[in-house]
Amino acid sequence: MTRIPGELNTLSLVGAAASVARGEVSPVELTVACLERIAALDSQVNAFITVMDDDAVYDARVAEADLARGDSSGPLAGVPIALKDLFDTQGVRTTAGSRFFADRVPDHDATVVEKLRGAGAVLLGKLNMHEWALGVTNDNPHYGACHNPWALDRITGGSSGGSAAALAAGMCYGALGSDTGGSIRIPAALCGVVGLKPTYGRVSLSGVVPLSWSLDHAGPMARQVRDVALLLDIIAGFDRGDPGSMDVTTDDVLADLEGGVAGWRIGVIADEWLGDVEGEVRSAVRAAVEALASAGAWVDELAVPDLPEAARLNGLMTTADAAAFHRERMAEAPEQFGEDVLTRLRRGASYGAADYADARRRQTILKQTFASWFVERGGELDAVVLPTTPCAAPRLDGLDAVATAAVLTRLTAPFNFTGLPALSVPCGVTSEGLPIGLQVVGAPWAERRVLRVGRAYELAAPGIEARPLA
């Protein structure tokens, strides 16, 4: 069959999986299409640290042979996926974006990687990230800056910047990221893709290089909400190998994803609590709220005076935990850290036990306060919406990475601090053609509702039509 160049790269994850299952396209075709796209564009984008060319083609051929025999079962059979480079991969280096781990080759796959392989996914490679996941610019001093496919002079966001950039540039169909203060949702928003931070404890962190033991979340990223829902179905679940994993029933989030939001109550965080938000971002989010209202939702304004404090305390705990994890490396070889990461690690090391204890106490209180908004906890709301980031992607040159982290995590970090599930979905572009993200937040364990709101918005509003680097 003759195909238009780049045709396969525009498929959604769900669409690619369905095409393979129907025999319309082969796993090898999909994999080669992704590898060719990487070869053509990654010199500009720098989304990958390691490309697993030979392994990916081999695995695609195995998947193709299995399908031909009727032996393959798995929702991702033959579909190429890529991984942020802090998920351990057996026999393939996992750097965490650092010099210290430049030659580290794990003996085992992370639990979520095992699950992806079990679902039939073909692993394309390991994606660029902010060093040690401690930052949001993805300007990595060891592996190079990651560039936004919508405008190469702009940041991707981070720390899962390579994941978002690879998706936006059509290099893979799905990706995994991690999120400690917004590291899935920020790059998703700035690169015009979809990213979900699940409830804390929903997805195993076993085999994932940590930033903060108290705040890390692993989650899926893709180009559509349905794709993210499918990935969550695959990677979620209790894992005895992860002390933070929670034994909570995992719903089939795809079951009623298309059910809409008619009659649901959506809380909109009032402008006064959001702080400084760019006008075009504010307008795009208002238009998104209007689209949800047109789809039948009731909209209520919500006061959240604790939002800035939750973000501040999340930053304190993140850097304190990171300083504890890196204590020996900081003492023995501080020169091997990037400047911005070392600055933040030293800040984390400066906090005292009383500072940390106070943050944990406030975390307990605010978890309860934020959860009380939702119907599952006696409140009135089905979901809450707000901007993902207060601005579109900043320019890369001359950016202060430490100051930018405080700005870009301001609206995402509160939901790491409280552990709530939060989704970023594209909701338009600025006058300069840069994507804007709508953030949808739900009750603990309510990923199904969060994704349903995101899907309702996708169906109610026009999507982003531009094709980055086409």
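Let me start with two helices. The axes of helix α12, residues 339-350, and helix α14, residues 401-408, come within 9 Å of each other and cross at roughly 65°. An angle from 65 to 115 degrees counts as roughly perpendicular, so α12 and α14 are roughly perpendicular to each other. On the α12 side, the contact is made by D340, T343, R344 and R347, and on the α14 side by A401, V402 and A405. By type, the residues of this contact of α12 with α14 divide into 3 nonpolar, 1 polar and 3 charged. I should say now that what you have on the screen is a predicted model.

Helix α12 has a second partner. The axis of helix α10, residues 307-325, comes within 7 Å of the axis of α12, and the two cross at roughly 95°. That makes α10 roughly perpendicular to α12 as well. Here α10 contributes T319, A320, A322 and A323, while α12 contributes R344, L345, G348 and A349. The residues of the contact of α10 with α12 divide into 5 nonpolar, 2 polar and 1 charged. If you want one residue to click on, take R344 of α12, which is listed in the contact with α14 and again in the contact with α10.

Now the interior. In soluble globular proteins, nonpolar side chains tend to be buried together. In this model, which residues of the largest nonpolar core touch the most other members? They are L116 and L451, and that core has 145 residues. Leaving aside neighbours within four places in sequence, L451 is in contact with L196, V225, V228, A229, L232, V253, L257 and L423. Apart from this core lies another one, of 10 residues, among them I155, L190, L396 and A405. You have met A405 already, in the contact of α14 with α12.

Next, two buried residues with polar side chains in strands. D179 lies in strand β8, residues 174-179. Its relative accessible area is 0%, so D179 is buried. What does the side chain of D179 reach? One partner is the backbone nitrogen of I184, at 3.0 Å. Another is the backbone nitrogen of G182, which lies 2.8 Å from a polar atom of the D179 side chain. Not counting residues up to four places away in sequence, D179 touches I184, R185, K197, L215, D216, H217 and N416.

The other one is S424, in strand β14, residues 422-429. S424 also has a relative accessible area of 0%, and is therefore buried. The side chains of S424 and T388 are joined by a polar contact of 2.9 Å. With sequence neighbours within four places left aside, S424 is in contact with R185, A188, A189, V193, V194, G195, T388, G437 and L438. Note R185 in that list; R185 is also touched by D179.

For contrast, look at R22, in the loop between α1 (13-21) and α2 (27-45). Is R22 buried or exposed? At 55% relative accessibility, R22 counts as exposed, because the cut-off for exposed is over 50%. The R22 side chain makes a polar contact with the side chain of E24, at 2.8 Å.

Then some backbone geometry. Most residues other than glycine have a negative phi, and most peptide bonds are trans. There are exceptions here to look at. A96 is not a glycine, yet has a positive phi of about 55°. A96 sits in the loop between β2 (80-84) and α4 (111-118), and at 1% relative accessibility A96 counts as buried. A133, also not a glycine, has a positive phi of about 65°. The place of A133 is the loop between β3 (122-127) and β4, and A133 is buried, with a relative accessible area of 4%. As for peptide bonds, the one from G158 to S159 is cis, with omega near 10°. S159 is in the loop between β7 (151-155) and α5 (161-168).

One last loop residue. P141 is found between β4 (139-140) and β5 (144-145). Not counting residues up to four places away in sequence, P141 touches E131 and G338. From P141 to E131 is 10 residues in sequence and 7.9 Å in space, C-alpha to C-alpha.

That is what I have for today.

Terms used: Residues numbered from 1 in each chain as written. Predicted model: local features only at pLDDT ≥ 70, side-chain atom pairs only at ≥ 80, totals over all residues. Heavy atoms only, no water. Helix = DSSP H or I, 4+ residues; strand = E, 2+ residues; numbered from the N terminus. Contact = heavy atoms within 4.5 Å. Buried < 20%, exposed > 50% of the residue type's maximum accessible area, 1.4 Å probe, protein only. Polar contact = N/O pair within 3.5 Å; in protein donor to acceptor, adjacent residues only side chain to side chain. Axes fitted to C-alpha atoms, helices over the stretch in contact; angles between N-to-C directions. Parallel < 35°, antiparallel > 145°, perpendicular 65-115°, else oblique. Nonpolar A, V, L, I, M, F, W, Y, C, P; charged D, E, K, R; others polar. Core = buried A, V, L, I, M, F, W, Y, C linked by side-chain atoms within 4.5 Å.
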